[in-house]
Amino acid sequence: MTAYGALVSLTNTINYIFDSSHFRVVEPSLDVIKPAINELRSLKPILQKLDNTSPSRCRKKVNAWDGRIKDFIWEFEDKLESLFTDQILSQIPADHVYEETKERVWDFKDLKESLFSLQFPLQFQFGSPPPDQLEMTSNIQRRRRRRRRDKHKVGHSKSSRKFRSRRDALVFSIDLRCLQDDVGFFVRALEDMKRKYIYELCNMGEDEAAMSSTIGFRGINSEMIGLSDEFQQLKRDLLEDSWSHVEMLVGMAGVGKTTLAAKIYQDPEILSNFECRAWVTVGRKPELSRVSRSILAQLCRGRLGFANADDYLKQRAEGKKCLIVLDDVWEAQVMRSLMSFLPHPEKATIVILLTAREKSVLENCTLGMVSESTLVRFLNLEESKKLLCEKVFGEEICPPQLDNAATKIAKNCEGLPLMILTVADIISKSEQNRDPDYWRDIAEERNLVFTYAYNQISEVLFPSYDYLPQDLKMPFLFMGVFPREYNTPPSKIINMLTAEGWFLDTNIKESFEDSVWRCLDKLCLDKNLVLFSETSIYEYGMPIGHRKYKTCRLHSSWRHVCRGEARKNKFYQVLKRLVDGTEEGIKGQRCLCLENNMLFGIKEFCNSVRLKCAFLTRSIFFYGPYHQYPISIDVGFRFLRELDALSLRFYTFPIEILRLVQLKYLSLTCNGELPATISKLFNLQFLIIHPHMNIRCYRAPSYVPIQIWDMKELEHIEILGKILIVPSHVTSLEKLLTLVGVNATIATISELSKRIPNISKLVVQVELTPYDDHNLVLSCFGCISTLESLKTLKCSIINPVAKCGYVVLENPSSLTFPRGLKKLHLSGMGFPWEYMDVIGSLPNLEVLKLRSYAFRGPTWEARKESFSMLEFLLIEDTDLVYLNLRFGELCLLSYVSVKHCYKLERIHWPGHKDRKIELVDCNPLALTCAKKLHMTPLSRLDVTASSSIYEKPITVNFQRSYSDDDDTDKDDGKDSDDVEEESSSSVRIYAKAS
């Protein structure tokens, strides 16, 4: 179950030792470890054989051996990491500690003198202070300024020579010869485990818990609640389509696929249109011959012999429509077999309605028939509450005193009908089912009702996890560490999985990242196990595509399953209470996830956790509510690879972290300076530092230490609000792919572009002063345009100086961007709209966001043949009056958002597809004009306008399709006089909405 993940982790650890530029491996260490490498290589295809077994087989014994192999591999990896970690720590230069201590002394002196100097304003606020105390305060301030200059000089000038020498010195000697006996034992024991694993794999019996095929329709016991929109759409498709095809209902277990199919099957209009019908529940243990005979018998409405049933059906079905429902199909191979067995009368219309948990069930199975799939949605809050109350109270209405608690309980079920019904069943059987306190306890999860419900439905959900491919299990289990409703960007999941070492490195970063994305896509889009949120970039009615979702998360029922499996397999443990640190289950856990950040501030808790799992823990995540007071970081976990502590606040950078030399992922909230000795974390790949408050001291700039250029493994830097220095003598960060949040001067941008050749995402703030030449902004983009790998650019001008006319007056051709850009965000430039022609010529641009007067002027007319790939456009805070997209190609543009453009009066956007316009705090004339946009056949217009300028926020939603158009609406180009005449009606719409 998790042996594959352990195998990948150990393989990556070994590869890292021999491939890292920081290690010099003593001969013959490679010969010592090579037998283990070969053994791991031969184990991988054996573990992957499990993916080809049928869901009808029982995996209990195979999973037991999988767990033993996992534990054995982890034990060897612990020995290996312990050995080379000790060797690294013994070779780290001692001057790291001295320099850090000296910096902390300076910080302490600054704090001490700041407190002393504050006494005088407080003591003499009603009178003038004595001259001697004024002189003392002045001396203190001079000394502080001198120390800051010296500190800056030490960090960025005098340290250059030391920096270069230390960079050369960060090469550690690694000797693995003492592991020779351990490697021999590892190879022999693993060879024996492989033989036993193969034996159990080849002798798996039938799973007694798996449901066999059931024949015939058994009806539904009650009326279906919710999903009326999907029912009507599916019914319309079945009635209107006159050709043979396959309709597939796909979705997570318990979402209502079978209920929806049953409602369709017994609908009166379906009964009258489909003269021949058949229903079969296939299940995990299908009996194919019995199923095929049963389908023929149901279609023929009699018990005919198998020999003449096909001929009889051809006669009976001629010119008629036949509906065949195949419920709960698990395997594509089973579907292919059924499709080959099913009759295909030439003059009959055969419609197959299929329900399955995975979309891949239908791959290459339709035998030329057209197929369509529908992802069954979750219930909304209103539908969830109605279903809950009906199952608890029957025909009675929900008592008013229970209404709020019922709403909260329905919300906590997150729209899953199976979860709602299970919770309702537990409540209805309780003697306290009318007690408001009992309902409130359930709503706040202060009792065990939800736990009991999760345990019950886990039996239904678990097979979907158990039969996942080997390479998907560890990433899916990992998703369970995040709290409820924690919407996680896929990029963060990818970064954390990379740092943990659960994917085999291909040495080609692009293909490696793509492999992780493919895993997430399979879990989200094929397996339907991970929920995702669509971005604003999508086409109405079109399936979401690769990398089109911004965040993803687990349903709470799946989170319960993942956390239970992870705890059992020592993958990770979630800690919420003080008693969790004393339980035996925490022993040996590889990852700790704290949903109560205060726990690490309790000495007894830390001692207990350190004693039980400090030697094995590789990751610590703080995912509790944000805690604004510092909590010490326990560094007893010496093998940590990941530390995510963004929800903790640190006044100064915790220097004890610098002892974690295996750290690859570090995320903190800290307003203090980063120490120069951060380069001691030479393994670090992902560095994320956020400020507690975005406050900058006057004449006391905060810098990213120059030593960061010595951290050659860095792939992601996210340091918000600090100034990045790029001296000419530093070398490039070849592996850096993402640089987010740093401040820089125009001169720095010029040098920076030479040091990050492979960057794919750059988010930078450029600070201008009244003395700067603002035309140099163009040269800034000229330097950025040399970054050929750049896909996302977000550039903001801090403190832009407003002048008469435009900030930039040169020829537009002097503005250049990387040709490979897909996302571009600009803010504060003050360019004239004529410069948009340069951006419009970018061949791959999909997203464009313009904020804070990125462009100025009353009119923007898109040039012909521009923005051919643009899908999303945002314009915010500008003086635009007329937005004219008439001449651009814009064939893919589906979403335009305009915010805080108070002068906007006219919008011209012809289109031949579905379009959405969002207007926030704009002139009402813009709404009137947007409602009159020209429509084309099969197109739809969706306009949303909101305003916060009134006492109550106002929102107007307007939808129009081509069928709603009349001759007066065919021309969307309106004169300003026409728009002015209609302004009063649009104002009335706003008032009505309020």
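# A tour from Gly501 outward

Start at Gly501, which comes after helix α21 and has a positive phi, near 85°. Keep in mind that this is a predicted model.

**Helix α21**

Now select residues 490-500, the helix that leads up to that glycine. Here 10 of the 11 residues are buried, so α21 is largely enclosed by the rest of the structure. The buried set runs through Pro490, Lys492, Ile493, Ile494, Asn495 and Met496, then Leu497, Thr498, Ala499 and Glu500. Note that Lys492 and Glu500 are on that list.

**Helix α20**

Step back along the chain to residues 470-478. This is helix α20, and it is mostly covered. Eight of its nine residues are buried. Colour them to see which: Gln470, Leu472, Lys473, Met474, Pro475, Phe476, Leu477 and Phe478.

**Where α19 meets α23**

Select residues 449-466 for α19. Add residues 556-568 for α23. The two helices pack at about 75°, with their axes 9 Å apart. They are therefore roughly perpendicular to each other. To see the contact, show side chains on both sides:

- From α19, take Tyr454, Asn455, Ile457, Ser458, Leu461, Phe462, Ser464 and Tyr465.
- From α23, take Ser556, Ser557, Trp558, His560, Val561 and Glu565.

By class, this contact of α19 with α23 holds seven nonpolar, six polar and one charged residues.

Stay on Ser557. Is this residue buried or exposed? Its relative accessibility is 1%, so Ser557 counts as buried. Which residues does Ser557 contact, beyond its neighbours within four places in sequence? They are Met252, Leu416, Tyr454, Ile457 and Leu461. Tyr454, Ile457 and Leu461 belong to the α19 side of the helix contact.

**A loop residue: Leu362**

Jump to Leu362. It sits in the loop between β7 (349-356) and β8 (370-375). Leu362 is buried, with a relative accessible area of 11%; the cut-off for buried is under 20%. Setting aside neighbours within four places in sequence, Leu362 is in contact with Val246, Met248, Met335, Leu354 and Ser371. Next, pick the C-alpha atoms of Leu362 and Val329. These residues lie 33 apart along the chain, and the two atoms are separated by 9.4 Å.

**The N-terminal helices: α1 and α2**

Go to the start of the chain. Select residues 3-19 for α1 and 29-48 for α2. They pack at an angle of about 150°, and their axes are 10 Å apart. That makes α1 roughly antiparallel to α2. The crossing is left-handed. Show these side chains for the contact:

- On α1: Ala3, Tyr4, Leu7, Leu10, Thr11, Ile14 and Phe18.
- On α2: Ser29, Leu30, Ile33, Ile37, Leu40, Leu43, Lys44, Leu47 and Gln48.

The α1 contact with α2 has 12 nonpolar, three polar and one charged residues.

**Adding α3**

Keep α2 on screen and add residues 60-89, helix α3. α2 and α3 pack at about 155°, with axes 13 Å apart. That makes α2 roughly antiparallel to α3. The crossing of α2 and α3 is left-handed. From α2, pick Ile33, Ala36, Leu40, Leu43 and Leu47. They meet Asp66, Ile69, Ile73 and Phe76 of α3. This contact of α2 with α3 has eight nonpolar, no polar and one charged residues.

Ile33, Leu40, Leu43 and Leu47 also appear in the α2 list for the contact with α1.

**Phe76**

Finish the close-ups on Phe76, which is in helix α3. Phe76 is buried, at a relative accessible area of 4%. What does Phe76 touch, not counting residues up to four places away in sequence? The answer is Leu10, Ile33, Ala36, Asp182, Val183 and Phe186. Leu10 lies in the α1 part of the α1 and α2 contact. Ile33 and Ala36 are in α2. Now pick Phe186: Phe76 and Phe186 are 110 residues apart in sequence, but 7.3 Å apart in space, C-alpha to C-alpha.

**Zoom out**

Show the whole protein chain. Its secondary structure comes to 29 helices and 34 strands. Of its 994 residues, 55% are buried. The chain exposes about 44600 Å², and carbon and sulfur atoms supply 51% of that. Take contacts between residues at least 6 apart in sequence: 66% of them join residues at least 24 apart.

How values were computed. Residues are numbered from 1 along each chain as its sequence is written. This is a predicted model: local features need pLDDT of at least 70, side-chain atom pairs count only at pLDDT 80 or more; totals for chains, interfaces and linings use all residues. Side-chain values use heavy atoms; hydrogens and water are left out. Axes are lines fitted to C-alpha atoms, for helices over the stretch in contact, and angles run from 0 to 180 degrees between N-to-C directions. Helices (H or I, at least four residues) and strands (E, at least two) are DSSP runs, numbered from the N terminus. Angles under 35 degrees count as roughly parallel, over 145 as roughly antiparallel, 65 to 115 as roughly perpendicular and the rest as oblique. A crossing is left-handed if the near helix is turned anticlockwise from the far one by less than a right angle, and right-handed if clockwise. Contact means heavy atoms within 4.5 Å. Ala, Val, Leu, Ile, Met, Phe, Trp, Tyr, Cys and Pro count as nonpolar, Asp, Glu, Lys and Arg as charged, and the others, Gly among them, as polar. Buried means under 20% relative accessible area, exposed over 50%, partly exposed in between (1.4 Å probe, protein chains only). Accessible areas come from the Shrake-Rupley method with a 1.4 Å probe; for residues, only the protein chains shown count as cover.
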